[in-house]
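Trainee: Could you take me through one part of this structure slowly? I'd like a close look at a single strand and then at what sits around it.

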Amino acid sequence: MKMPLFPSLRHLSSLAAVAIFSLAGCDRQSADKESPGGAPKPGKTLTVGFSQVSAESDWRVAESKSIKDEAAKRGIDLKFSDSQGKQENQFKAIRSFIAQGVDAIILAPKVETGWEEILKEAKQAKIPVVLVDRGIKVSDDSLYVTLIASDFVAEGRLAGDWLAKKTSGKAQIIELEGSPGAAPAIDRKKGFAESIAAHPGMKIIASQSGDFETGKGKEVMETLLQQHGKDVTAVYAHNDNMALGAIEAIKAAGKKPGVDIPIVSIDAVRAAFTAMVAGELNCTIECNPLLGPLAFDAVEKARKGESLPKKTVIQDRVFDQSVAASELPNRKY
Ligand code: GYE
């Protein structure tokens with residue numbers, strides 16, 4: 001499925017949609033014709049290095065598949081590296097891509113910080129870097145060509161707004177956070193807190209990282225239920241996999257997830273829809289991982305020296321139980 005650079009709004013869900021927008025500040029990547037990142041030479045197969053975080057969640061698996069499928073569709077030689085969740089391994093992969101003289105690098109950065117040095121090496125080698133999925137903090141944003149990602153703060157706000165409606169503004173909340181230092185964890189926490197600040201009856205009674213993983217989400221929820229089982233009235237998980245783990249923990253504790261304890265999470269992976277149909281999850285905020293087409297459009301534009309927006313924000317939609325059964329067959333990840 002070739003996704004246009006700005007996917008049109010369609011199939012608006014029952015609750016809300018956040019429009020697409022691309023932030024101003026075009027950054028013209030002047031590709032030097034002599035360098036690996038230069039204008040495409042006719043007939044030359046493009047070689048692109050992709051540094052992926054890991055395979056910690058259904059979302060990430062879908063993102064990797066989207067990048068691999070799109071590379072195959074475009075006849076691009078993709079060098080794929082799974083960093084097993086370690087930023088150090090992403091540095092090693094990028095250095096290897098540079099040594100191999102790839103034409104471009106796609107990076108899904110594990111965390112926001114620590115990228116200056118390695119991206120300077122890529123810039124030195126005149127290899128354009130396209131960020132997908134997560135943003136980074138650098139003093140010089142010419143170190144990357146563009147970022148293609150969702151607005152995680154908006155996602156957190158949408159989750160908080162939904163929970164406020166569901167609980168009429170009264171909830172004692174356990175929050176399952178994503179990986180420490182990762183942009184989605186930082187921003188989803190921020191957006192959710194901003195939303196519930198408008199409701200004095202909503203309070204986060206405990207917040208801990210489950211690292212975006214099902215197993216850790218379950219473990220953390222088990223522990224927090226031992227400490228707060230009598231008080232908790234709702235769960236906010238930064239991704240669906242941790243919500244699925246929390247569902248198991250809540251059931252093991254003899255309570256009904258989605259009924260005794262409403263749960264809202266983010267990603268909108270297929271398993272979340274199945275859980276909503278089963279009445280165990282109440283709402284998920286979409287965060288589209290099918291970034292392959294957009295990523296390679298950006299790579300091709302960068303290599304031609306065409307200007308690109310510094311950030312392209314993917315639309316997010318909200319799905320609750322009322323649309324889960326009808327939407328499940330449409331899910332692409
Ligand atoms: O929500 C989660 C994955 O960076 C947006 O990382 C991504 C997040 C996603 O592990 O499932």
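Mentor: Let's go with strand 8, and keep in mind that this is a predicted model. Strand 8 runs parallel to strand 15, which covers residues 311-314, and 4 bridges join the two. If you want a spot to look at in that pairing, find alanine 149: it stands opposite valine 313 in strand 15.

Strand 8 also pairs with strand 7. These two run parallel as well, with 3 bridges between them. Here you can look at valine 130, whose bridge partner in strand 8 is threonine 146.

Now, is strand 8 buried or exposed? Count along the strand and you get 5 of 5 residues buried, so strand 8 is largely enclosed by the rest of the structure. You can split those residues by the side they are on. Thr146, Ile148 and Ser150 are on one side, Leu147 and Ala149 are on the other, and they are all buried, so both faces of the strand are covered.

Step back along the chain and things change. Between strand 7 (129-132) and strand 8 (146-150) there is a loop, and serine 139 is in it. Serine 139 has a relative accessible area of 68%; the cut-off for exposed is over 50%, so this residue counts as exposed. Try finding glutamate 116 from there: it is 23 residues from serine 139 in sequence, yet their C-alpha atoms are 7.8 Å apart in space.

Past strand 8, look for helix 4 (152-166) and strand 9 (171-177). The loop between helix 4 and strand 9 holds serine 168. Its relative accessibility is 59%, so serine 168 counts as exposed. The backbone of serine 168 is worth a glance too, with phi near 50 degrees, a positive value in a residue other than glycine.

Keep going to helix 5, residues 183-196. How long should a helix of 14 residues be? At 1.5 Å a residue, helix 5 should span 20 Å, and its end C-alpha atoms are 20 Å apart, which agrees. Several of its residues are buried, including Ala183, Asp187, Arg188, Gly191, Phe192 and Ser195. Here's a bit of background for reading a list like that. An α-helix has 3.6 residues a turn, so residues three or four places apart point the same way. As for what they touch, the buried residues of helix 5 pack against helix 4, strand 9, strand 10 (202-209), strand 11 (234-237) and strand 12 (263-267).

Two names now lead us to the ligand. Arg188 and Asp267 are among the closest of the 13 residues that surround it, together with Glu56, Asp133 and Arg134. Aspartate 267 is in strand 12, and with a relative accessible area of 3% it is buried. Its phi is near 130 degrees, which is again a positive value in a residue other than glycine.

Look at the ligand's oxygen atoms next. A polar side-chain atom of glutamate 56 lies 2.4 Å from one oxygen atom of the ligand. For serine 57, a polar side-chain atom comes to 2.9 Å from a ligand oxygen. The side chain of arginine 60 has an N or O atom 2.9 Å from an oxygen atom of the ligand. How much of the ligand does the protein cover? On its own the ligand has 300 Å² of accessible area, and the protein covers 100% of it.

Two side-chain pairs elsewhere are good practice. Aspartate 103 is in the loop between helix 2 (87-100) and strand 6 (104-107). Being in a loop doesn't leave aspartate 103 exposed here: its relative accessible area is 2%, so it is buried. Its side chain makes a polar contact of 2.8 Å with the side chain of lysine 44. The other pair involves glutamate 327, in helix 10 (residues 321-327). At 10% relative accessibility, glutamate 327 counts as buried. A polar contact of 3.0 Å joins its side chain to that of arginine 331. Setting aside neighbours within four places in sequence, glutamate 327 is in contact with Phe273 and Phe319.

Finally, zoom out. The protein chain has 10 helices and 16 strands, and of its 333 residues, 58% count as buried. Among contacts between residues at least 6 apart in sequence, 77% join residues at least 24 apart.

Technical notes:
Residues numbered from 1 in each chain as written. Predicted model: local features only at pLDDT ≥ 70, side-chain atom pairs only at ≥ 80, totals over all residues. Heavy atoms only, no water. Helix = DSSP H or I, 4+ residues; strand = E, 2+ residues; numbered from the N terminus. Buried < 20%, exposed > 50% of the residue type's maximum accessible area, 1.4 Å probe, protein only. Pairing = 2+ DSSP bridges. Expected span 1.5 Å × (residues − 1). Contact = heavy atoms within 4.5 Å. Near = heavy atom within 4 Å. Polar contact = N/O pair within 3.5 Å; in protein donor to acceptor, adjacent residues only side chain to side chain. Areas by Shrake-Rupley, 256 points an atom, 1.4 Å probe, with all protein chains shown as cover.
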